[in-house]
Amino acid sequence: VVKSFEDGLPTGVFDLYSTKLNLSAEEKQAIAEEVCKDIKNAIESRSDYDRKLQEWNNQFEGIVGSSNFPYKDAVSLHVPITATHIMTLHASIRRTTMDIEPIYIVDPATSELYDIADQIENFVEFVARKRIKLPEKVSESLWRTLIDGTSLLKVYWERKIRRIKDYIIFRTIDELQREFPTKESAGLSAEKYNNLKSMVSRLKDGETVKILITKNVVDYDAPMVDVVQAKDFYLLPVDAETIESAWGYAHAMYKTGYELVEGQAKGKYFDVETIGKSNSLSDSDNITDSKNRIEGIQPVTYESDFRKQKRRIFEVGYCMDRDDDGIPEKYIFTVDYDSNTLIGANIFPFWHNECYFVPMYVIKRSGRFNGIGIPHLLSDINSEINILHNHRNNSRFITSIPAFKALKGAERTLVPMLKKGFYPGIC
């Protein structure tokens, strides 16, 4: 038995807040090619910026390579100057912004509205802290802003629906009739609904009937805030000064085949099965690879199992004049970049018609989209302190364990060590 919503809420995730486009196969292919071409140009055009993001993250986390000067495997340590400054700034900014109560203050126009203002204030405070978890999201975004110079908050409405199995116990015929008065309410065909009626005789005899049902449960129906790192956000074109001045923007996400298939079942995506037939595998970006190495993680690719694969999906806000009236309209397209496949197409769903990505800055460059992070400001001084610190350690190592001379006859025992090259204690 599949029990539908009693309050009439639809099961679709996107249907409430957007309008899906009806596209032909040729239109889908044309949109996919145009959008993927713009994304490819953006990825290639900012390769140096992505390299800097990786370097700044390594500088914050203290990741340094080995050194062969003045000898092989010499001391190569990192002094956490950058991390210390970032942690201090993060604690200070969070304490003065997010740890205050209430987050929002409602100022009533007249004294008669004080009680209503208090109720609104308490409601917004509850939603912001308990439902959206705004302080935690802003705190997470602040970490990336201090490191990368820029991060973004993605603000949208989300309805999460979960399908569960449960048992309903009936002791009387009236209970059964109230729960399933018609075949439509039970989600059954006429034949299966007639089988349900066969339980009436058992209830007449005083038996208890237990029915296994499948029902949809709304877990979440409220605004949602996601943290988007600079490495996953692309302006189209990349040199646009603001989001508003760009003709598009792309958010890179990694989703498993299971998530994509579920999204298609809920009406969010389409043509997902074509990705599984493409035999293309998504490559993770260099920054993600670097973070995996730092944490000691080596992801499995699952080449033969599409549903377990992680696909690189781009959600793209895009301006396009599809009706050739000279005025571009806003759309949201979803593409699987590596297979060049369009899997989602919607008219822009927000009534305010504004971008739903909010950039976050601590230090903003004038007339530029990307801000300035702490590693960028401290890279030279941190590098100098590292050099001086390592030089002092290596000098003391050489001084305290000097090289020595050995008799020619002792060469046989020293050969294995000499192959490594010079290091303190070896001649």
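This report describes one helix, the nonpolar cores and some backbone features of a predicted model.

**Helix α2**

Helix α2 covers residues 47-61. Its 15 residues, at 1.5 Å a residue, should span 21 Å, and the C-alpha atoms at its ends are 21 Å apart, so the expected and computed spans agree. The buried residues of this helix are Y49, D50, L53, Q54, W56, N57, N58, Q59 and F60. An α-helix has 3.6 residues a turn, so residues three or four places apart point the same way. Among the elements that cover the buried residues of α2 are the helices α3 (81-97), α5 (134-148), α12 (286-295) and α13 (374-400), together with strand β5 (233-236). After the helix comes G62, with a positive phi near 75°.

**Nonpolar cores**

The largest nonpolar core has 28 residues. Within this core, the residues that touch the most other members are L152, F233, L235, I243, Y249, Y356 and F357. At least two residues of the core come from each of α4 (114-131), α5, β3 (151-170), β4 (209-229) and β5. The greatest share is that of β4, which supplies five residues.

Leaving aside residues up to four places away in sequence, L152 has contacts with S141, D226, V227, V228, F233, I243, F357, V358, P359 and F369. Another core, of 24 residues, lies apart from the largest one; I31, A32, V316 and F333 are among its members.

**Cis peptide bonds**

A cis peptide bond runs from F69 to P70, with omega near 0°. P70 sits in the loop between α2 and α3. L236 and P237 are also joined by a cis peptide bond, and here omega is about 5°. The loop that holds P237 connects β5 and β6 (248-256).

**Positive phi outside glycine**

D73 and K133 are not glycines, yet each has a positive phi. The table gives their values.

| Residue | Phi | Loop | Relative accessible area |
|---|---|---|---|
| D73 | about 55° | between α2 and α3 | 57% |
| K133 | about 55° | between α4 and α5 | 43% |

D73 counts as exposed because its relative accessibility of 57% is over the 50% cut-off. K133, at 43%, is partly exposed, because this value falls between the limits of 20% and 50%. The loop between α2 and α3 thus contains P70 as well as D73.

Technical notes:
Residues numbered from 1 in each chain as written. Predicted model: local features only at pLDDT ≥ 70, side-chain atom pairs only at ≥ 80, totals over all residues. Heavy atoms only, no water. Helix = DSSP H or I, 4+ residues; strand = E, 2+ residues; numbered from the N terminus. Expected span 1.5 Å × (residues − 1). Buried < 20%, exposed > 50% of the residue type's maximum accessible area, 1.4 Å probe, protein only. Contact = heavy atoms within 4.5 Å. Core = buried A, V, L, I, M, F, W, Y, C linked by side-chain atoms within 4.5 Å.
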